[in-house]
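Let us walk through this fold one element at a time. Keep the coordinates open and follow along.

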Amino acid sequence: MRSPEIRKAFLDFFKSKQHEIVPSAPIVVKDDPTLMFTNAGMNQFKDLFLGNSPVRYARIADTQKCLRVSGKHNDLEEVGHDTYHHTMFEMLGNWSFGDYFKKEAIDWAWELFTVVFGIDKDSLYATVFEGDGNDGLASDSEAYQYWKQHLPESNILFGSKKDNFWEMGDTGPCGPCSEIHVDIRPEEEKKKIAGRDLVNKDHPELIELWNLVFIEFNRLADGTLQPLANKHVDTGMGFERLAMVLQGVRSNYDTDIFVPIIESIAELSGTTYHQDKEKDIAMRVIADHLRAVAFTIADGQLPSNTGSGYVIRRILRRAVRYGFTFLGFEAPFLYRLLPVLLEQMGAAFPELIVQQKLIAEVLKEEESAFLRTLSQGIKRFEQQVRKMKAMDNKPDVIDGIFAFELFDTFGFPIDLTQLMAREQGLKVDMDGFAKGLQAQKSRSRKAASVEAGDWVELAPTGRETLFVGYNKLEAKTRLLKYRKVVSKKKTIFELILDQTPFYAESGGQVGDKGMLINDNETLHVVDTKKENNQVVHYVLEEPKYFAEGYFARVDRLNRKLIANNHSATHLLHAALRKVLGSHVEQKGSLVAADRLRFDFSHFAKMSDGEIKGVEKMVNARIRENISCQVKEDLRLEEASAMGAMALFGEKYGDKVRVVAFDPEYSVELCGGTHVAASGEIGLFKIVSESGIAAGVRRIEALTAEKAEDFVGAQLDVLKAIRAHFKNQHDVLLAVSNLVEQEHKLQKEVELLQKEKAMQAAGQMFKRAEILGGLHLIREKVQMDVAQAKNLSHQLRNMGKDVYVVLALVNAGKVNLVVALSDDLVLKGMDAAKIIKEISQYIRGGGGGQAHLATAGGKDASGIDKAFAAAGMLVEA
């Protein structure tokens with residue numbers, strides 16, 4: 001069976017079992033602070049497992065695009081080295097929410113595998129939970145008995161809590177699970193070792209295919225288990241592994257999911273798959289990572305230096321590194337593989353086709369940037385090797401901290417550093433590297449540490465909080481549950497209400513602030529967010545007098561300013577499409593009280609004329625005072641027919657909300673809050689336009705009083721400039737002439753300073769001390785740091801064995817400059833190390849390169865001590 005047929009057969013089978021087939025959720029998670037990416041099929045149903053939302057369909061099945069870069073078997077640095085682990089993968093799954101349980105889940109799994117897919121019954125093994133004394137749980141005899149109806153007991157194994165008890169996290173829904181493994185080894189291998197002896201032993205040909213999870217408990221913060229009122233089924237099966245089994249191959253990468261991509265990589269690199277181990281790994285890495293990066297970009301996540309964007313950048317750069325190191329790619333190549341991926345997966349995931357231009361542009365730009373970084377890292381490595389070889393003791397081990405610096409700063413995988421070291425006859429201190437890596441991970445864990453208590457439930461939950469904030473900003477409400485959360489040493493309380501006028505952060509719009517009031521206490525709401533479909537109110541005080549309920553009051557001015565900016569964002573989006581073209585699509589936004597930010601697809605910097613045109617169009621719509629028209633509970637097809645665009649990466653329900661400012665101008669799917677008419681916005685002013693990624697631009701803008709304040713401040717600046725040119729009719733021309741005159745004078749000053757520095761350098765060189773065979777120049781100078789660095793460069797190039805230490809004091813600040821001639825650098829001396837050693841005497845610090853380094857400090861009285869220390873380093 002080809003992979004599209006396998007996917008269809010799975011979904012058709014469960015449709016025949018009365019399951020609702022639902023689309024994949026976006027791979028990037030937006031309303032769950034515990035996750036960056038969808039890493040399992042159950043993620044989009046978390047709110048149902050937690051009881052936060054009513055169950056609409058008791059039976060569901062789907063194929064979900066997932067991403068994993070950490071955890072069991074999912075270390076990013078290991079992907080590509082075996083044949084069956086991935087970053088991005090599809091997870092086929094079926095779910096029951098309080099409907100069927102173990103019997104049906106096991107019977108249907110058996111039917112699908114043996115009847116529909118025709119997998120050999122004798123090759124299948126099932127594991128069941130053996131029980132756990134610490135949790136007071138007996139073995140899962142129920143699942144064992146159901147499996148006995150299909151498998152001999154020799155093919156049913158008991159598994160530990162580690163392998164056969166699934167948990168959503170440290171707290172939350174959990175339960176025993178039953179894994180189905182398949183043995184695809186050749187018959188002669190099966191005769192040597194029984195398959196049961198290889199289950200869960202990481203054998204590449206006896207693999208887990210499907211995990212059936214039986215959710216029946218809730219894990220509390222104190223570690224105890226609480227039985228759930230309703231029992232659920234959550235199953236997940238790796239699509240790529242299933243294809244491997246059904247297509248009779250020994251590797252996921254040999255299925256029709258990956259083969260076309262790998263063949264294209266081989267063709268581009270002029271090599272052949274299955275002929276060289278290192279090249280094979282590189283091709284698997286690239287094939288896997290291409291999918292991961294393309295899918296996340298299509299769902300709206302661009303590579304960046306923070307959060308989920310940082311993870312995507314790491315994955316992309318790892319693919320580039322392997323292509324560069326093992327396949328000889330010295331120019332961008334990933335974007336050239338995109339057409340093959342679209343041919344493979346575009347039909348199942350049309351967002352790839354719609355976003356292909358953006359994906360290609362981002363890939364190409366990111367590759368180009370990283371190849372430049374890689375080149376710098378190689379130069380840094382070569383410089384380190386030269387220093388080592390110039391040392392008297394000729395060390396043969398590269399410092400582990402330096403190896404970690406290459407990994408952390410330049411994106412070098414440790415295996416690339418080891419390869420380059422071997423070529424130079426050197427080794428890498430792996431213990432030192434591991435320490436640096438562990439320290440980084442510890443810092444990350446500490447920064448992300450959150451201690452959340454159990455929910456204190458005061459009333460039955462199980463339905464969504466009713467939002468009443470579109471039409472009113474005050475409402476009576478009851479507290480349903482709350483919990484204490486400690487993060488970064490700050491304590492806050494999370495509250496869930498039965499109804500609320502507070503808007504929860506969503507769609508780029510920040511959450512509301514305000515108060516919850518009753519006769520006995522006032523709780524200050526500092527933020528409102530949506531988490532697992534719950535509206536969570538973050539308050540500073542612990543609720544104590546909750547029996548009488550509360551009066552919820554939203555900060556009116558804050559909401560008004562947010563509404564101004566949100567409506568202005570809609571007008572801006574429409575104007576951009578009118579001025580720049582219909583290719584413009586929203587790629588992200590921030591709607592706050594003090595500003596708005598709008599990211600959009602466009603492949604060139606906007607001209608001043610285009611910016612003015614957009615701004616003028618938005619302000620014209622504001623002056624027209626267009627009424628805001630809102631339509632609730634529309635089907636997505638109805639909204640699309642009205643002209644509303646669905647954004648890729650957003651998850652829409654069965655019913656959507658449409659906001660329009662003139663149906664001929666702006667129509668958008670939106671759950672946010674808006675002005676009643678555009679005239680309320682007052683004024684719109686763009687303050688910046690910039691690029692944030694290949695093919696993505698960003699506009700930042702202000703509205704209402706903030707826009708007035710900005711314009712007023714600019715006019716004040718212009719007024720002050722005019723005051724300096726009282727007799728000038730054309731102030732702009734006067735400023736231009738002044739700048740040009742200043743530029744000429746600056747050039748003349750630089751020329752004079754250079755001549756003066758040459759003379760000073762010659763005189764200073766004559767005054768050099770001879771210490772330890774070196775020309776040591778230690779002097780205090782009257783100049784700025786840039787001039788001192790230029791002087792130091794001239795001195796270090798005036799001969800061999802030149803060692804320069806300059807000190808300067810300006811406006812109470814002390815600076816030191818250390819420079820070394822190239823021959824001293826080759827002998828192992830390092831200006832950066834010297835500056836770190838001597839800068840302590842001026843109560844400062846600094847750094848630089850081996851030939852030149854600088855430091856700043858506070859204590860001028862320590863200059864002489866710094867000079868003395870510099871000399872002692874030579875004598876030592």
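Start in the middle of the chain. Strands β19 and β22 (residues 550–554) run antiparallel, joined by 4 bridges. Within that pairing, Met-515 stands opposite Arg-553 of β22. The model is a predicted one.

β19 has a second partner. Another 4 bridges tie β19 to β20 (residues 522–531), and this pairing is antiparallel too. Leu-516 finds its bridge partner in β20 at Leu-523. The two strands make a hairpin, with 4 residues between them.

Now look at the faces of β19. In a regular strand, side chains alternate between the two faces of the sheet. In β19, Gly-514 and Leu-516 are on the covered face. Met-515 and Ile-517 are on the uncovered one.

Step to strand β15, residues 474–477, where Ala-475 sits. Is Ala-475 buried or exposed? Its relative accessibility is 4%, so Ala-475 counts as buried; the cut-off for buried is under 20%. What does Ala-475 touch, leaving aside residues up to four places away in sequence? Its contacts are Val-468, Gln-499, Pro-501, Tyr-550, Phe-551 and Ala-552. Phe-502 lies 27 residues from Ala-475 along the chain, and their C-alpha atoms are 9.6 Å apart.

Aromatic rings come next. The structure holds 24 aromatic pairs. One of them joins Phe-467 and Tyr-503, in an edge-to-face arrangement with 6.0 Å centre to centre and 70° between the planes. This pair links distant parts of the chain, 36 residues apart. Phe-467 belongs to strand β14 (residues 466–467), while Tyr-503 is in the loop between β18 (499–500) and β19 (514–517). The two residues can be set side by side for accessibility. Phe-467 has 25% relative accessibility and therefore counts as partly exposed. Tyr-503 has a relative accessible area of 7% and is buried.

Two charged side chains also meet rings. Lys-481 lies over the face of Trp-455, at 4.8 Å from the ring centre. Arg-621 lies over the face of Tyr-665, at 4.4 Å from the ring centre.

Move on to an open sheet of 4 strands. Its order is β23-β24-β29-β28, and the pairing is antiparallel. Which strands are the edges? They are β23 (586–591) and β28 (684–693), each pairing on one side only. From one strand to the next, the twist averages 15°. β28 and β29 (residues 696–703) run antiparallel and are joined by 8 bridges. Among the partners there, Glu-689 is matched with Ile-699 in β29.

Helices pack on this sheet. Helix α17, residues 556–580, touches β23, β24 (596–601), β28 and β29. The direction of α17 makes about 25° with that of β24. Helix α20, residues 704–724, touches β28 and β29. The direction of α20 makes about 95° with that of β29.

Next, go to helix α1, residues 3–16. Its 14 residues should span 20 Å at 1.5 Å a residue, and the end C-alpha atoms are 20 Å apart, so the two values agree. An α-helix has 3.6 residues a turn, so residues three or four places apart point the same way. The buried residues of α1 are Ser-3, Ile-6, Arg-7, Ala-9, Phe-10, Leu-11, Phe-13 and Phe-14. Phe-10, Phe-13 and Phe-14 join Phe-113 and Trp-210 in one aromatic cluster. Just after α1, Gln-18 takes a positive phi of about 65°.

Helix α14, residues 400–410, can be read likewise. Its buried residues are Gly-400, Phe-402, Ala-403, Phe-404, Leu-406, Phe-407 and Phe-410. Just after α14, Gly-411 has a positive phi of about 75°.

Finally, zoom out to the whole protein. There are 25 helices and 35 strands. The C-alpha trace spans about 95 × 80 × 55 Å along its principal axes. Of the 876 residues, 50% count as buried. Among contacts with a separation of 6 or more, 68% come from residues 24 or more positions apart.

Definitions and conventions
Residues are numbered from 1 along each chain as its sequence is written. Side-chain values use heavy atoms; hydrogens and water are left out. Buried means under 20% relative accessible area, exposed over 50%, partly exposed in between (1.4 Å probe, protein chains only). Contact means heavy atoms within 4.5 Å. Two strands pair if DSSP finds at least two bridges between them. Axes are lines fitted to C-alpha atoms, for helices over the stretch in contact, and angles run from 0 to 180 degrees between N-to-C directions. The expected span of a helix is 1.5 Å times one less than its number of residues. Rings of Phe, Tyr and Trp (its six-membered ring) pair if their centres lie within 6.5 Å; planes under 30 degrees apart count as stacked, over 60 as edge-to-face and the rest as tilted. A charge sits over a ring if NZ of Lys or CZ of Arg is within 6 Å of the ring centre and within 35 degrees of the ring normal.
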